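Welcome, and please open your viewer. We will go from one selection to the next, and at each stop you can look for what is described.

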Amino acid sequence: MWCWIKSSFVDLDGWQNGVVLVCLGWVFKGRLISKKARLQGKEVADPYLIAKAKVLNICVVTEEKLKDNAAKIPNVCQNFDVCCMNLEQFMQKERWSF
């Protein structure tokens, strides 16, 4: 398997693949993508992104918001103990100014 990080494709090792499979478990249980998206056979990148962030101990940047009993990226990140922030938080952390 591979994952896109910083404009490049990198190979996932066995342990990383295991993390992806656990994240994909959320997908197949309907927790990460909607039933409509699953039925349409849409590709899902979120589990790979979250798994790679977990393995590399880096943050996921998303504009989705944490929501009770939801399958949003922040919820999944929280479940897998992965750092997650929004774009504004990312820009503050990186000390971007305009």
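## First stop: the cysteines

Start by selecting Cys 84, which is partly exposed, with a relative accessible area of 27%. Keep in mind that this is a predicted model.

Now add Cys 77 to your selection. Is Cys 77 buried or exposed? At 0% relative accessibility, Cys 77 counts as buried. Why is there no bond between the sulfur atoms of Cys 77 and Cys 84? The closest cysteine sulfur to that of Cys 77 is the one in Cys 84, and at 4.2 Å it is too far for a bond. A disulfide needs sulfur atoms within 2.5 Å. Cys 84 is therefore in no disulfide, since its nearest cysteine sulfur, in Cys 77, is 4.2 Å away.

## The disulfide

How many disulfides does a search of the whole structure find? The search finds one. To see it, select Cys 59 and Cys 83, whose sulfur atoms are 1.7 Å apart. A disulfide is a covalent bond between the sulfur atoms of two cysteines.

Turn the view until you can look along the S-S bond. The torsion about the bond of Cys 59 and Cys 83 is about 75°, so this disulfide is right-handed.

Next, follow the chain from one partner to the other. Cys 59 sits in the loop between helix 3 and strand 3 (60-61), while Cys 83 sits in the loop between helix 4 and strand 4 (84-85). The two are 24 residues apart, and the pair links distant parts of the chain. Both partners are partly exposed: Cys 59 has a relative accessible area of 26%, and Cys 83 has one of 36%.

## Zoom out: the whole chain

Clear the selection and switch to a cartoon view. The protein has five helices and four strands. Trace them from the N terminus, and the order you meet is β-β-α-α-α-β-α-β-α.

The chain has 98 residues, of which 31% count as buried. If you turn on a surface view, the accessible surface comes to about 7100 Å². Carbon and sulfur atoms account for 53% of that surface. Looking at contacts with a separation of 6 or more, 49% are between residues 24 or more positions apart.

## Into the core

Which residues make up the largest nonpolar core? Select these eight: Ile 50, Ala 53, Val 60, Ile 73, Val 76, Cys 77, Phe 80 and Val 82. You have already met Cys 77, the buried cysteine. Helix 3 (46-56) and helix 4 (73-79) each supply at least two residues of this core. The largest share, three residues, comes from helix 4.

Stay with helix 3 for a moment and colour its buried residues: Pro 47, Ile 50, Ala 51, Lys 52 and Ala 53.

## A threonine and its neighbours

Select Thr 62, in the loop between strand 3 and helix 4. At 10% relative accessibility, Thr 62 counts as buried. Show its surroundings: setting aside neighbours within four places in sequence, Thr 62 is in contact with Ile 73, Pro 74, Cys 84, Met 85, Asn 86 and Leu 87. Among them is Cys 84, from our first stop.

Now bring in Glu 64. A polar atom of the Thr 62 side chain lies 3.1 Å from the backbone nitrogen of Glu 64.

## Two positive phi angles

Most residues other than glycine have a negative phi. Here are two residues to compare with that rule.

Select Asn 57, which follows helix 3 and has a positive phi near 55°. Asn 57 lies in the loop between helix 3 and strand 3 and, at 69% relative accessibility, counts as exposed.

Then select Arg 95, in the segment after helix 5 (87-93). Its phi is also positive, near 60°. Is Arg 95 buried or exposed? At 75% relative accessibility, Arg 95 counts as exposed.

## Last stop: an aromatic pair

For the final selection, choose Phe 90 and Trp 96 and show their rings. A pair of aromatic rings is described by the distance of the centres and the angle of the planes. The rings of Phe 90 and Trp 96 are 5.3 Å apart, centre to centre, with 80° between the planes. The pair is edge-to-face. Both residues are partly exposed: Phe 90 has a relative accessible area of 24%, and Trp 96 has one of 46%.

Note on methods:
Residues are numbered from 1 along each chain as its sequence is written. This is a predicted model: local features need pLDDT of at least 70, side-chain atom pairs count only at pLDDT 80 or more; totals for chains, interfaces and linings use all residues. Side-chain values use heavy atoms; hydrogens and water are left out. A nonpolar core is a set of buried Ala, Val, Leu, Ile, Met, Phe, Trp, Tyr and Cys residues joined through side-chain atoms within 4.5 Å. Buried means under 20% relative accessible area, exposed over 50%, partly exposed in between (1.4 Å probe, protein chains only). Contact means heavy atoms within 4.5 Å. Accessible areas come from the Shrake-Rupley method with a 1.4 Å probe; for residues, only the protein chains shown count as cover. Rings of Phe, Tyr and Trp (its six-membered ring) pair if their centres lie within 6.5 Å; planes under 30 degrees apart count as stacked, over 60 as edge-to-face and the rest as tilted. A polar contact is a pair of N or O atoms within 3.5 Å; within protein, one must be able to donate a hydrogen and the other to accept it, and residues adjacent in sequence count only if both atoms are side-chain atoms.
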